[in-house]
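Q: Please take a close look with me at one part of this model. I would like the sheet first, and then what lies elsewhere in the chain.

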Amino acid sequence: MAQQSDTVGLPKRLPLVIEPENRDTSTLKDAKLINGYVEKGKKDGEYHIYKRPGLLNESTIAGAGLGVYNWRGKVYRIQGATIYEDGVAIGGGAPNGALDTTGGIYHFESCLGTTPSLQFGNGVATYNYDLTTPITALAGANYPSPAAKGIVYLDGTTYIMDQAAAIRGCATLNAPTDWTDVLNTITAQIEPDGGIGLFKQLVYVIAFKQWSTEVFYDAQNALASPLGPVQGAKVNYGCLNADSVQEIDGTIFWLGVNRNTNPQILQLDNLKPLVVSTKPIDRLLAQGATGTVYSFAFKLDGHKFYVITLKSTNITLVYNVSEQMWSQWTDADGNYFPIVAATFNANYDLLLQHESNGKLYSVNSSYGTDDGAQITFDLYTPNFDGGIRREKVAGMLYVIADQQAGSTMQVRSNDKDYAAAAWSNFRTVDLGMDTPFLPDNGSFRRRAYHLRHTAPTALRLQALEMQLDLGTM
């Protein structure tokens, strides 16, 4: 026989501020949020869960996506072995010779001068394009070969690092095709590890290596390299994959590793490193960090996102920088989110490049699908026992969410610690109602809920509210 609990007058509210809590390297148990993100209200301090933005195809060009960049108001994209300027081929393929595709994703940089130019490389080959002459492969006696990924422009000099961590600069200011000055070299050699990637933060050149990271600045040396080391700025984490490195508003994020840890996600802000991955995220990184990695970063609706895909383990992890919380994003089939790069167009609309289908997508929270494909929002709560393991009888279950015509939420529960066979059947809640609810929710000692939203509508979710009575067992 059930007795009324103290929560009858004020139903128990189960907040839905969720991020991955996987207890091991599998995501089959414990709390997680898929295709959503968290936002905290600045005025009221309340948290809400939003469905991620959708995608809309802007243009299609055949070929695998290998990088996209906005330069001088135009979108440059590499599809297969060809680079395009606002959709028109400018190099690669016949008759100019194919761009290298064996190095994977390209990283871009540009320089000023009388004739501004664009540089792009993938660690195997690097090219220069200056609007007036055909695309030129960078080469020469002092040119790094093989090169690490990443290109840095600082105070007129273009820098590229080789795999032995020697940072080499072009011989003439704003002339990234001139590598004749063999003395314009400085080596990142505090530690004897190899070079992985060269990037820039603010006015600093960041040399990512296998186990460590070193920082340089423009010391304006008259001879040899203009660069000098920033004393005391060494980071005791290296970079596992240069394609994981992204910059947002002067802060760098990357997949880091050293001799003492498993892979972790770090941020570098004003030269200060901070681990931002949680223990559950670290467990997921440990499984797939050594395979193919994609990453991109963007800002939308007041949020900053760093996105990293571990292709070998079929997972995309999303760090909401603004709220310092993680979630997981997928495609329509539940696989990894197949985006490899991000940029913007002349109207400052965000664009994402697909891994393989040749498409560039615009991104907007008003899009209810991924170019017509369903977005499946899934939220799995932690196990809930209300602070007591006695049996509880759940009468009404209220879904606290924005009222939205045509929007429905499917809800099911599991009282057996996420066992696959123990999930109840889905029940549907109409989010167009003034007070969406489900009656008669049975009894439990400990329960997890799974909320699913597939309607092509917006979703903002706050909490579940349960009317509970205590049983006698």
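In the open sheet of 4 strands, what is the strand order, and is the pairing parallel or antiparallel?

A: Happily! This is a predicted model, so local features need pLDDT of at least 70 and side-chain atom pairs pLDDT 80 or more, while totals for chains, interfaces and linings use all residues. Numbering starts from 1 along each chain as its sequence is written, and side-chain values use heavy atoms, without hydrogens or water.

The order is β19-β20-β21-β22, and the pairing is antiparallel (strands are DSSP E runs of at least two residues, numbered from the N terminus; a pair needs at least two DSSP bridges). At the edges stand β19 (195-201) and β22 (227-229); each has a single partner strand, so one side of each lacks a neighbour in the sheet. From one strand to the next, the twist averages 30° (between axes fitted to C-alpha atoms, on a 0 to 180 degrees scale of N-to-C directions). Within the sheet, β20 (residues 204-209) and β21 (residues 213-218) run antiparallel and are joined by 4 bridges. Ile206 has Val215 in β21 as its bridge partner.

Elsewhere, strand β11 (residues 107-111) holds Ser110. Ser110 counts as buried because its relative accessibility is 17% (buried is under 20%, exposed over 50%, partly exposed in between, with a 1.4 Å probe and protein chains only). Leaving out residues up to four places away in sequence, Ser110 touches Tyr69, Trp71, Ser117, Leu118, Gln119 and Tyr153 (contact is heavy atoms within 4.5 Å).

Next come the cores. The largest nonpolar core has 27 residues, of which Ile49, Leu379, Met409, Val411, Leu451, Leu461 and Leu464 touch the most other members (a core is a set of buried Ala, Val, Leu, Ile, Met, Phe, Trp, Tyr and Cys residues joined through side-chain atoms within 4.5 Å). Two or more residues each come from β37 (377-380), β38 (392-401), β39 (408-414), β43 (448-453) and β44 (460-470). The biggest contributor is β44, with 4 residues. Looking at Leu461, and again not counting residues up to four places away in sequence, its contacts are Leu16, His48, Ile49, Phe377, Leu379, Val399, Ile400, Ala401, Met409 and Leu451. A second core of 22 residues is separate from this one and includes Trp71, Val75, Ile78 and Leu118. That brings us back to Ser110, since Trp71 and Leu118 are among the residues Ser110 touches.
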